[in-house]
Amino acid sequence: MFKLNEIKELIQLIDQSSLHELEIESEGSRLTIRKPNKTESVVVTAAPVQQAFAPVIGQQSIQQPAVQATVTESSPAASKQEAGLHTIVSPMVGTFYEAPSPGAAVFVAKGSSVKEKSVVCIIEAMKLMNEIEAEIKGEIVDVLVENGQLVEYGQPLFLVRPL
């Protein structure tokens, strides 16, 4: 279960960052913090497991499901996904790096061929470097994020044409 001071600290961190959403699951508890576009408010929702925090979180909540639906429908990756392309998504929140170190050659670029288990990027989360691998054999059609950009859980990173 999340402590109130931890939730407040996370809200401040999200509010000061360029992240728009953070979702954490721990020991049967689930915490989602969303920052609507072009506003300073932070949306906090809690799963039913967190009954102790519901009144406090409820006072700070701003429910805007329409914002989520709009983002999902207007996603450029979604329109390309329909064309038979595979999307490699971020398995975590962190910082996207296209190369193993500054000045080194990038793992993949537009037009690169990848195999299953080929490393396509690194995502740094909590000072840990996590290698992200391609799930399929194919050609990189598009790189959807920039080097050093903060990425969210489930955010599309690459579009791959399966071979």
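Here are five short exercises with worked solutions on this predicted model.

## Exercise 1: Two sheets

**Task.** Work out the strand order of each open sheet, and find which strands stand at the edges.

**Solution.**

Step 1. Begin with the sheet that holds β7. Its 4 strands follow the order β8-β7-β5-β10, and the pairing is antiparallel.

Step 2. Look at the ends of that order. β8 and β10 (150-151) each have a single partner strand, so one side of each is left without a neighbour in the sheet.

Step 3. Check one end in detail. Strand β5 (residues 94-97) is joined to β10 by 2 bridges, and G94 has V151 as its bridge partner there.

Step 4. Turn to the other open sheet. This one also has 4 strands, in the order β4-β11-β9-β6, again with antiparallel pairing. Its edge strands are β4 (86-89) and β6, each pairing on one side only.

## Exercise 2: Following β9

**Task.** Trace the bridges that β9 makes to β6 and to β11.

**Solution.**

Step 1. On the β6 side, 2 bridges join the strands, which run antiparallel. Here V114 is partnered with G138 of β9.

Step 2. On the β11 side, the two strands pair over 5 bridges, also in the antiparallel sense. Within this pairing, D142 has L159 as its bridge partner, and G138 stands opposite P162.

Step 3. Put the two sides together. G138 is the partner of V114 and also stands opposite P162 in β11, which fits the position of β9 between β11 and β6 in the strand order.

## Exercise 3: A salt bridge

**Task.** How many salt bridges does a search of the whole structure find, and which side chains meet in a salt bridge?

**Solution.**

Step 1. The search finds 1 salt bridge. The side chains involved are those of E139 and R161, at 3.8 Å from N to O.

Step 2. Test that distance against the cut-off. A salt bridge needs the side-chain nitrogen within 4 Å of a carboxyl oxygen, and the value here is 3.8 Å.

Step 3. Place the partners in the fold. E139 belongs to strand β9 (residues 138-143) and R161 to strand β11, so the pair ties together parts that are 22 residues apart in sequence.

Step 4. Ask how accessible they are. E139 is partly exposed at 28% relative accessibility, and R161 is partly exposed with a relative accessible area of 40%.

## Exercise 4: The core and its aromatic pair

**Task.** Describe the largest nonpolar core, and then the aromatic pair formed by F96 and F158.

**Solution.**

Step 1. Recall the general tendency: in soluble globular proteins, nonpolar side chains tend to be buried together.

Step 2. Identify the core. The largest nonpolar core has 15 residues, and those with the most contacts inside it include I88, F96, V120 and F158. Both β7 (119-125) and β11 (156-162) supply at least two residues of this core. Apart from it lies another core, of 8 residues, among them F2, I11, L22 and L31.

Step 3. Take V120 as a sample. Leaving aside neighbours within four places in sequence, V120 contacts I88, F107, V108, V114, I132, E133, A134 and F158.

Step 4. Now the rings. The whole structure yields 1 aromatic pair. F96 and F158 sit 5.9 Å apart, centre to centre, with 50 degrees between the planes, and the pair is tilted. The label follows because planes under 30 degrees apart count as stacked, those over 60 as edge-to-face and the rest as tilted.

Step 5. Locate the two residues. F96 is in strand β5 and F158 in strand β11, so the pair links parts of the chain 62 residues apart. F96 counts as buried at 0% relative accessibility, and F158 is buried with a relative accessible area of 1%.

## Exercise 5: Two positive phi angles

**Task.** Where are K117 and M126 found, and are they buried or exposed?

**Solution.**

Step 1. Note the usual case: most residues other than glycine have a negative phi.

Step 2. K117 is not a glycine, yet has a positive phi of about 75 degrees. This residue is found in the loop between β6 (113-114) and β7, and counts as exposed at 62% relative accessibility.

Step 3. M126, also not a glycine, has a positive phi of about 55 degrees. M126 is found in the loop between β7 and β8 (128-133), and at 80% relative accessibility counts as exposed.

Terms used. Residues numbered from 1 in each chain as written. Predicted model: local features only at pLDDT ≥ 70, side-chain atom pairs only at ≥ 80, totals over all residues. Heavy atoms only, no water. Core = buried A, V, L, I, M, F, W, Y, C linked by side-chain atoms within 4.5 Å. Buried < 20%, exposed > 50% of the residue type's maximum accessible area, 1.4 Å probe, protein only. Contact = heavy atoms within 4.5 Å. Pairing = 2+ DSSP bridges. Phe/Tyr/Trp six-rings, centres within 6.5 Å; stacked < 30°, edge-to-face > 60°.
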